[in-house]
There are 2 protein chains.
Amino acid sequence: MRKGEATRQRIIEVSAPLFNQRGYEGCSMQEIMLAAGLEKGSIYRYFESKEALAVAAFEHACSLSVKFRTSDVEHIPSSLEKLRFCIHRFVTTPSTLQGGCPMLNAAVDSDDGSLPLRKVVRSAFADWKKRLCAFVIEGIAQGEIRSDTKPAMVIDMVIGSLEGVYVLCRVQGDRAPLKHAEVMLNQILDSIKVPSH
Amino acid sequence: MRKGEATRQRIIEVSAPLFNQRGYEGCSMQEIMLAAGLEKGSIYRYFESKEALAVAAFEHACSLSVKFRTSDVEHIPSSLEKLRFCIHRFVTTPSTLQGGCPMLNAAVDSDDGSLPLRKVVRSAFADWKKRLCAFVIEGIAQGEIRSDTKPAMVIDMVIGSLEGVYVLCRVQGDRAPLKHAEVMLNQILDSIKVPSH
């Protein structure tokens, strides 16, 4: 039982970067099995279908991403600085997995495909958005951020632009678009700051 | 010869939305042939490989996108208004093809895959960026846009955020992120305007 759980976890960890680089259709169960050092066919003891494995792998990758992107900011007292810190972390480390951002990749991969995958991706993005919106809401409550600020408007722009410019970076082969977005996003954060604060 | 060209063009037009929705790996030559009403195997008379067809289909889809996103603005005298117009058009019609933005999809599809595809995508994004940067450069020359504005910084943010929030819209199933990005981008454009102009 315990060994079975460990094998299951290993399959998830081995398949996550493969799905992230090649997409759902681009990965075969056979190559995942090989990469995990398993015998042909035995993968179905752990996952009933390729879709079930893909969901578990994306869930794993997405939860790591959201955690990494929003955690360890409690020591920063200012809400705006928390946001700047999260943006800077994304700009310097946009993905911990080979193949680009697993959330964006899975979003593009699943939007015309698997419904269970789409649900995992939707909930990961909603989680990320909720965590960042909480900083805006906190900043409004503490009088640091203007009370007429719409948290979802700012955070959609933060998440959308970071994800989008990261694709531009991968397309053109340099980091400039991420750096440009950081400057522009900090400018947006300046504009929602209460001047006297 | 003329009939051959027409058939080739039909295959490109039929395959473009299929590749856009399912990705390179998710499409088989057989289903493309069927969709184009061709006999099995005859597709290879027109394209030497699936990759060659995918490049032609993406090239077709990307060129349509860039043209649609940057054209018909000559009647607008102000450079900033040209940019606002292009942004608004993207927000209201983010893609003319089923399955999301073909440029972003192809970027994500090819970044760990086919080199010829990657080249087509890179050149399409570079073309889009160049056309929008030209409006910023024109605005600086005409004294409408601040001379310390970096065209690539503003335009990376415009393209990256529009592409990224469009993915968010498709993930969450509503248009709010695109509308939010339009407000935020117009605010960025306000900030590069020469106040006295």
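1. A convenient place to enter the structure is A:Y46, which sits in the loop between α2 and α3 (50-70) of chain A. With 19 C-beta neighbours inside 10 Å this tyrosine counts as partly exposed, because a residue is called buried once 20 or more other C-beta atoms lie within that distance. Leaving aside residues up to four places away in sequence, A:Y46 touches A:T7, A:R8 and A:I11. The C-alpha atoms of A:Y46 and A:A35 are separated by 15 Å, although the two residues are 11 apart along the chain.

2. Everything said here concerns a predicted model, and its confidence values deserve a look before the details do. The mean pLDDT of chain A is 93, and 99% of the residues score at least 70. Among the elements of chain A, the lowest mean pLDDT, 90, belongs to helix α2 (residues 29-35), and the highest, 98, to α8(A). For the model as a whole, the scores are ipTM 0.94 and pTM 0.94. As a general caution, predicted coordinates should not be read in detail where pLDDT is low.

3. The make-up of chain A is simply stated: it has eight helices and zero strands, so that a reader following the chain from the N terminus meets the elements in the order α-α-α-α-α-α-α-α. Along its principal axes the C-alpha trace of chain A spans about 65 × 40 × 30 Å. Of the 197 residues of this chain, 45% count as buried. When contacts in chain A are taken between residues at least 6 apart in sequence, 66% of them join residues at least 24 apart.

4. How are the two chains related to one another? A rotation of 180°, with 0.0 Å of shift along its axis, superposes chain A on chain B with an RMSD of 0.0 Å. The two copies are therefore related as by a two-fold rotation axis. The copies also meet through the same surface, because 100% of the interface residues of chain A are interface residues in chain B as well.

5. Turning to the contact between the chains, 41 residues come from chain A and 41 residues from chain B. On the side of chain A that touches chain B, at least two residues each are supplied by α1 (2-26), α5 (102-110), α6 (115-141), α7 (151-172) and α8 (176-191). Which helix gives the most to that side of chain A? It is α7(A), with 16 residues. By class, the residues on this side of chain A divide into 20 nonpolar, 13 polar and eight charged.

6. Helix α5 is worth following across the contact, where α5(A) packs against helix α5 (residues 102-110) of chain B at an angle of about 115°, with the axes 10 Å apart. The crossing of α5(A) and α5(B) is left-handed. In this pairing A:L104, A:N105 and A:V108 meet B:L104, B:N105 and B:V108, and the residues of the contact comprise four nonpolar, two polar and no charged ones.

7. Within chain A, α5(A) also packs against α6(A), and here the axes come within 9 Å and cross at roughly 140°. This crossing of α5(A) and α6(A) is left-handed. From α5(A) the residues A:M103, A:A106, A:A107 and A:S110 take part, and they meet A:L117, A:R118, A:V121, A:A124 and A:F125 in α6(A). The contact of α5(A) with α6(A) contains seven nonpolar residues, one polar and one charged.

8. In chain B, a residue to examine is B:S123, which lies in helix α6 (residues 115-141) of that chain. Is B:S123 buried or partly exposed? It counts as partly exposed, because its C-beta neighbours inside 10 Å number 15. B:S123 and B:V55 are 68 residues apart in sequence, and their C-alpha atoms are 12 Å apart in space.

9. Finally, the backbone at residue 72 should be checked in both chains. Phi of A:D72 is near 60°, a positive value in a residue other than glycine, and for B:D72 phi is likewise near 60°. A:D72 lies in the loop between α3 and α4 (79-92) of chain A, while B:D72 is found in the loop between α3 (50-70) and α4 (79-92) of chain B. A:D72 is exposed, with 11 other C-beta atoms within 10 Å, and B:D72, with 11 C-beta neighbours inside 10 Å, counts as exposed too.

Methods: Residues numbered from 1 in each chain as written. Chains lettered and ligands numbered in written order. Predicted model: local features only at pLDDT ≥ 70, side-chain atom pairs only at ≥ 80, totals over all residues. Least-squares fit on C-alpha atoms with pLDDT ≥ 70 in both. Contact = placed C-beta atoms within 7 Å. Helix = DSSP H or I, 4+ residues; strand = E, 2+ residues; numbered from the N terminus. Nonpolar A, V, L, I, M, F, W, Y, C, P; charged D, E, K, R; others polar. pLDDT = per-residue confidence, 0-100. Buried ≥ 20, exposed ≤ 12 C-beta atoms within 10 Å, placed from the backbone. Axes fitted to C-alpha atoms, helices over the stretch in contact; angles between N-to-C directions. Left-handed = near helix turned anticlockwise from the far one by under 90°.
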